[in-house]
Amino acid sequence: MTAASPIIFFLALLSFMASLPVHSFQYDVGGDRGWAVPPSNDSAFYNQWASRNRFQVGDTLRFNYEKDSVMAVDEQEYDKCASPHPIFFSNNGSTQFDLDQPGLFYFISGVPGHCGRGQKMIVKVLGGSPVPVVSPPPDEKGGDESPPETGSAKTRSAFVLPALVPVLIGFIVPLIGLA
């Protein structure tokens, strides 16, 4: 093996790892219920739905609705259930919203009175590790907790090298004779 062989191998390995697929998901907001005014005894429905999921940067929310709208707003407008200038607005019946940064996203219905009746939601988006998260299996005892929504898997490329740097250093250092 020549002196350049370990370096060529390392570069090939690095190139391969940089293109490993990482899963992102598309979540149907509200599951089968979609985006609609919840029953009067279930005004926390959407926040409960959101809390059962683990949203990552790159995931997508899909709002399905009839004769309604969806608005992304700031926290104060969320609390007021009104927004004269939303961050995002759509009323096409099937709206996709990309979660493009970590943090909190606030959504309300744009139809007067719907937000006040519970058609609003806060989504917490996690940043950091692009490693896919495996959802636990549904509760086999039939408990009250619903399993996390799984969404529709789609693939995006992501650079996963930072988590593997210690492994690579441990591998390459002996090859180039620094140990």
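Which element gives the largest share of the lining of the second largest pocket? I would like to begin there this morning, and the answer is β7, which contributes five residues to that lining. Please keep in mind throughout that what we are looking at is a predicted model.

Let me first set the scene for those who have not seen this structure before. The protein has four helices and nine strands, and, read from the N terminus, its elements follow the order α-β-α-β-β-β-α-β-β-β-β-β-α. Of its 179 residues, 32% are buried. If we take the contacts with a separation of 6 or more, 73% of them are between residues that lie 24 or more positions apart.

Now back to the pocket. The second largest pocket holds about 170 Å³ of space, and 13 residues line it, of which V73, I87, Q101, L104 and F105 are the closest to its centre. Three elements, β4 (70–73), β6 (94–98) and β7 (103–108), each give two or more residues to this lining. Sorted by class, the lining is made up of nine nonpolar residues, two polar ones and two charged ones.

Those three strands give us a natural route through the rest of the talk, and I will start with β4. Along this strand, V70 and A72 point one way while M71 and V73 point the other way, and all of these residues are buried. As a general reminder, the strands of a sheet pair through backbone hydrogen bonds, and they may do so in a parallel or an antiparallel sense. In our case, β4 pairs with β5, residues 88–90, in the antiparallel sense over three bridges; within that pairing, M71 stands opposite F89, and A72 stands opposite F88. β4 also runs antiparallel to β7, to which three bridges join it, and here V73 has Y106 as its bridge partner.

How are these strands arranged in the open sheet of five strands, and in what order? The order is β2-β8-β7-β4-β5, and the pairing is mixed. The edge strands are β2 (55–56) and β5, each of which pairs on one side only.

Let me stay for a moment with Y106, which is found in β7. Is this residue buried or exposed? Its relative accessible area is 11%, and because buried means under 20%, Y106 counts as buried. Y106 and V73 are 33 residues apart in sequence, and yet the distance between them, C-alpha to C-alpha, is 5.5 Å. Setting aside neighbours within four places in sequence, Y106 is in contact with M71, A72, V73, D74, E75, Y78, M121 and I122, and M71, A72 and V73 in that list are residues we have just met in β4.

The third strand on our route is β6, which has a covered face with T95 and F97 and an uncovered face with S94, Q96 and D98. β6 pairs with β3, residues 60–64, in the antiparallel sense over five bridges, and one of the residue pairs in question is F63 with T95. T95, which sits in β6, is buried, with a relative accessible area of 2%. The side chain of T95 makes a polar contact of 2.6 Å with the side chain of Y65. Beyond four places in sequence, T95 touches L61, R62, F63, Y65, V70, F88 and S90, and V70 brings us back to β4 once more.

Finally, I want to point out two residues in loops, and a general point will help us here, namely that most residues other than glycine have a negative phi. K67 is not a glycine, and nevertheless it has a positive phi of about 50°. K67 is located in the loop between β3 and β4, and, with a relative accessibility of 84%, K67 counts as exposed. C81 is the second case, again not a glycine, and its phi is positive at about 60°. C81 lies in the loop between α3 (75–80) and β5. How much of C81 is accessible? The relative accessible area of C81 is 25%, so this residue is classed as partly exposed.

To close where we began, the second largest pocket takes the largest share of its lining from β7, and β7 is joined to β4 by three bridges.

Terms used:
Residues numbered from 1 in each chain as written. Predicted model: local features only at pLDDT ≥ 70, side-chain atom pairs only at ≥ 80, totals over all residues. Heavy atoms only, no water. 1 Å grid on protein atoms, 1.4 Å probe; cavity = no way out; pocket = protein on both sides within 12 Å on 5 of 7 lines; lining within 4 Å. Points joined across faces, edges and corners; volume = space filled by probe spheres on them. Nonpolar A, V, L, I, M, F, W, Y, C, P; charged D, E, K, R; others polar. Buried < 20%, exposed > 50% of the residue type's maximum accessible area, 1.4 Å probe, protein only. Pairing = 2+ DSSP bridges. Polar contact = N/O pair within 3.5 Å; in protein donor to acceptor, adjacent residues only side chain to side chain. Contact = heavy atoms within 4.5 Å.
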